[in-house]
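Trainee: I have a model open and want to learn how to read its packing. Where do we start?

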Amino acid sequence: MTVVFAGVWQAAFYPRLVRWWLGKAGRIIGVQLKVVGKPADEAVLMVANHISWLDIALLGGVANPRFLSKQEVRQWPVIGWLAEKSGTLFITRGKVGAAAQAATTILQALQAGDSVLLFPEGTTTTGNDVRTFHARLFAPAFDAGVAVQPVALRYPGRDGLTHPAVPYVDQQSLWDNLKALLAESGVQAEIHFLPPMTTTGTDRKALAAACEQQIRAFCALQP
């Protein structure tokens, strides 16, 4: 009985602890966060543009999704532990059957009543454009019969483009990116939860394109 209770307690405690820590992480770094809209009350597949590892910290602090992440993140200092304890779904990229495994994992989480957040661009960008959303990962939303909620992320700089210290791209190390962020003051971040979109009467490609277009338009970016 004690073992069962401890397991249940840990299962409930760790996600709350991680969410609390993620909510503090942005403020510790000095990020000024603005949130518009709110996460859907029911289980949905959330899809967002991807600029930095900071996306995960900020989103995890204001919403309660399970993230889909590459296996390598598990080995990152601090972030890997936080990701694992918060229920992140890890996949091995480049492995035969990885896409099918990812789809199955997402579907199981959605069917269990959890929201899942993924980055359909498949990589981080400078934030000054939105890459094509890969439609394959939208399939679990159709199979589970849940809506898809677009989420637009912005880190506006002085010139209207993304703040140059934020994007985690190219060959930059996590430590170098963190140092660049800590050297800045007044970095601004915006999370816009857009209205959920139904999977009824559409298909994966059309829905992926619609989410991509909404996020691009909301971020005032040109295709």
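Mentor: Start with L59, and remember that this model is predicted. Leaving out residues up to four places away in sequence, L59 touches P65, F67, L117, F119, V151, L153, I191 and F193.

Trainee: Which residues touch the most other members of the largest nonpolar core?

Mentor: L54 and L59 do, in a core of 29 residues. Among the elements that each supply at least two residues of this core are β2 (45-48), α2 (54-62) and β6 (148-154). Another core, of 27 residues, lies apart from it; L68, L137, A141 and A152 are among its residues.

Trainee: Now a helix. How do I read which side of α7 is buried?

Mentor: General idea: an α-helix has 3.6 residues a turn, so residues three or four places apart point the same way. Here, L207, A208, C211, E212, I215 and R216 of α7 are buried. Seen down the axis, the buried residues of α7 fall within an arc of 165°, so they line one face. They pack against β2, α5 (139-144) and β6. Exposed Q213 and A217 sit on the face turned away from that buried side.

Trainee: What caps the N-terminal end of α7?

Mentor: D203. One of its side-chain oxygens lies 3.2 Å from the backbone nitrogen of K205.

Trainee: And a loop residue: is T162 buried or exposed?

Mentor: T162 lies in the loop between β6 and α6. T162 counts as buried because its relative accessible area is 12%, under the 20% cut-off. A polar atom of the T162 side chain lies 3.2 Å from the backbone oxygen of T126. Beyond four places in sequence, its contacts include I51, N128, Y155 and P167.

Definitions and conventions: Residues are numbered from 1 along each chain as its sequence is written. This is a predicted model: local features need pLDDT of at least 70, side-chain atom pairs count only at pLDDT 80 or more; totals for chains, interfaces and linings use all residues. Side-chain values use heavy atoms; hydrogens and water are left out. A nonpolar core is a set of buried Ala, Val, Leu, Ile, Met, Phe, Trp, Tyr and Cys residues joined through side-chain atoms within 4.5 Å. Buried means under 20% relative accessible area, exposed over 50%, partly exposed in between (1.4 Å probe, protein chains only). Helices (H or I, at least four residues) and strands (E, at least two) are DSSP runs, numbered from the N terminus. Contact means heavy atoms within 4.5 Å. A polar contact is a pair of N or O atoms within 3.5 Å; within protein, one must be able to donate a hydrogen and the other to accept it, and residues adjacent in sequence count only if both atoms are side-chain atoms. The arc is that of the directions from the helix axis to the C-beta atoms.
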